[in-house]
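Me: I would like to work through the model shown below by question and answer. Please reason briefly each time and finish on the value or name requested.

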Amino acid sequence: MNRDSATRRRLRFGPFALDPRTAELTRDGTTVRLPPQPARILALLAGRPGDLVTREELRQQVWGRDTFVEFDQALNFCVRKIRAALGDDAEAPRYVETLPRRGYRFIATVEEEAAAPRPAFPRDAARPADPRAARDRVMLVVLPFENLSGDPAQDYFSDGLTEEMITRLGRLDPRRMGVIARTSAMRYRGVTRSVAEIASELGVQYLLEGSVRATRESVRVSAQLIRASDQTHLWADVYDRPLRDVLALQADIARAIAGPILRRLAPEGKAAPGGPGMVHPEAYKACLRGRFFWNKRTAKDTDRSIREFKEAVRLDPGCAEAYVGLADAYAFLGDVGIATTPPRAAFERAALTVSRALELNPDLGEAHASRAHIAMHLFDWAGAAKAFERALDLAPNYPVAHEWYAFYLAFTGRIETAHAAMARALALDPISLSINKDVGELLYFDRRYEEALAQYRRTLEMDGRFLRARIEAGRTLERLGRFDEAIAELREATNLARDNPEALAALGHALAAAGRSREARAVLGQLDAMARSRYVSPYDYAVVHAGLRQRARALAWLERAAAERAAWLIYLSVDPRLDPLRSDPRFRALARRVGVPLIHT
């Protein structure tokens, strides 16, 4: 094969075709989704069929010559994605052969053909299963500002500036300009990616990147705005300031940068209300640390986040953002996945705390989103609806608001609208593990189990230790009748988190569904033992009893869950594991008291 022409011709192997210029992979004319880095590796391998392509070659070609400390893990991940896309098997490969410790060889026959013109999609036609295609807003990502000081202790400043830019730009003209959320943006910190790759992965048209060099007396910030389509630098500037007040400096630079971007991207825009924000530098840093630990979604880290938010409140009692963070942390201690505190007490405490935030800043959209989320758990559905409406009006670029609103819609019987709301959350935060998992969870509630399982698998490819995705993949395998796989998946989840009652209850239900009643009953004893040292939700007991077809006991535990405002109880209308109970008048009465509709009956 003439390899010089490989970059100008399409490569065909089996039912697949690959355009090396665009890294677009198709199977029998249908696009196969493959992330940019795996696609580049596939193009390199298929462009040299029969040759060994060494791991070092792949490192240099795809990641560059810079040190990449997680290279082995990243390369293995990319090869797994390639095999998944091609339906290949590492043990009996048809396309990609592994040469241990050396590299890879493409073993299929490859033919060249002229690349067909790429089909154009009309502006108003969305591509299937791609929520980003339906957006009519300009999308921007603020990449993590690089710390050039050489002092890792200064990372808080560059991260704080990144956060400030995301917040301020997100409020410029939220109806016409969307800004990718922090959780997705910060994943590019210290990672080498091209502008085109980042734009493709996040679905953005513009990127803001910059650097910070701070000394004891001064700071220099460089920033530039890049258009992804042609990698044109639309605007750039450098700011030198004395380092007297960190927060004031960040706000000053953010305003200076935001103005030119607004004029270029949304010239007729008007900033949404957002309040004055925080004014105490140390409180601001405590809030950043609080959100950092809160986002880890573990009991230990949530406790640490509470300490940080309390410190922010101590330093600045007028800081509304700190109260929002504190409310979210309190709620999380009673919520699904952690629930280390009796839920009713946790949510009532969170409600009081978020009320204080709204007293300080009634126009803080994030606070209204938190109020709505808490109201759901207290069965105040009318209050939740009102708060969500206000949150989405004030902060349409806040992905968590769309994420929580999607669940509200699902719980109240509007599953199709819920899918659309979750798609908006995903568009704003496409690399969020939580939101990617939640896309699958809505499919699970909708009884679309094959699609749900595929989404959970995609999420686990991003992070194989993400416990909630693993639990939900196991539950979905059970619904598909693949009991051995479900039990293996859920045992792995219990190994990942040995003190997690939700994982243990899911395992008990799967064992019962598989006819292994004795083992399922043993899980009830394990929950009892766990309850001696931590909070265990009555809902977890109800799930296992439901699997054992012990209807009276399951309903009794659900009544206790309602009294405690157990987090999972708001899932009453959609949880498939409760389907055997839905015809019982006691279940129907409970659903009415909780305030959720009777669906899936």
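The exchange below treats a sheet, a helix and some aromatic rings in this predicted model.

Me: In what order do the five strands of the open sheet lie?
Reply: The five strands pair in an antiparallel manner. Strand 4 (30-32) and strand 8 (111-113) each have a single partner strand, so these two stand at the edges. The order across the sheet is 4-3-2-1-8.

Me: By how many degrees are neighbouring strands of this sheet turned against each other on average?
Reply: The sheet in question is the open one with antiparallel pairing. With direction ignored, the average turn between neighbouring strands is 35 degrees.

Me: Which residue in the turn between strand 1 and strand 2 has a positive phi?
Reply: Strand 1 (residues 10-13) and strand 2 (residues 16-19) run antiparallel and are joined by three bridges. The two strands form a hairpin with two residues between them. In that turn, a positive phi of about 55 degrees belongs to G14.

Me: Which residue of strand 3 is the bridge partner of L18?
Reply: Strand 2 is joined by four bridges to strand 3 (residues 24-27), and these strands run antiparallel. Towards strand 1, L18 is the bridge partner of L11. In strand 3, the partner of L18 is L25.

Me: Which residues of strand 2 point the other way from F16 and L18?
Reply: In a regular strand, side chains alternate between the two faces of the sheet. F16 and L18 point one way from strand 2, and the residues pointing the other way are buried as well. Those residues are A17 and D19.

Me: How large an arc around the axis do the buried residues of helix 23 cover?
Reply: Helix 23 (residues 551-564) has 14 residues and reaches 20 Å from its first C-alpha to its last, close to the 20 Å expected. Its buried residues are A554, L555, W557, L558, A561 and A562. They lie on the same side of helix 23, because the arc they cover is only 160 degrees.

Me: Against which helices do the buried residues of helix 23 pack?
Reply: The residues concerned include W557 and L558, both buried. Their group packs against two helices, namely helix 22 (538-547) and helix 24 (585-594).

Me: What is the angle between the planes of Y405 and Y408?
Reply: Y405 and Y408 are three residues apart in helix 14 (residues 399-411), which means that about one helical turn separates them. Y408 counts as buried, at 8% relative accessibility. The two rings are 5.9 Å apart centre to centre and count as stacked, with an angle between the planes of 15 degrees.

Me: How many residues apart in sequence are the parts that Y539 and W568 tie together?
Reply: The ring centres of Y539 and W568 are 5.7 Å apart and the planes stand at 25 degrees, so this pair is stacked. Both residues are buried, and both belong to one aromatic cluster that includes F407 and Y571. Because Y539 lies in helix 22 and W568 in the loop between helix 23 and helix 24, the separation in sequence is 29 residues.

Notes:
Residues are numbered from 1 along each chain as its sequence is written. This is a predicted model: local features need pLDDT of at least 70, side-chain atom pairs count only at pLDDT 80 or more; totals for chains, interfaces and linings use all residues. Side-chain values use heavy atoms; hydrogens and water are left out. Two strands pair if DSSP finds at least two bridges between them. Axes are lines fitted to C-alpha atoms, for helices over the stretch in contact, and angles run from 0 to 180 degrees between N-to-C directions. The expected span of a helix is 1.5 Å times one less than its number of residues. Buried means under 20% relative accessible area, exposed over 50%, partly exposed in between (1.4 Å probe, protein chains only). The arc is that of the directions from the helix axis to the C-beta atoms. Contact means heavy atoms within 4.5 Å. Rings of Phe, Tyr and Trp (its six-membered ring) pair if their centres lie within 6.5 Å; planes under 30 degrees apart count as stacked, over 60 as edge-to-face and the rest as tilted.
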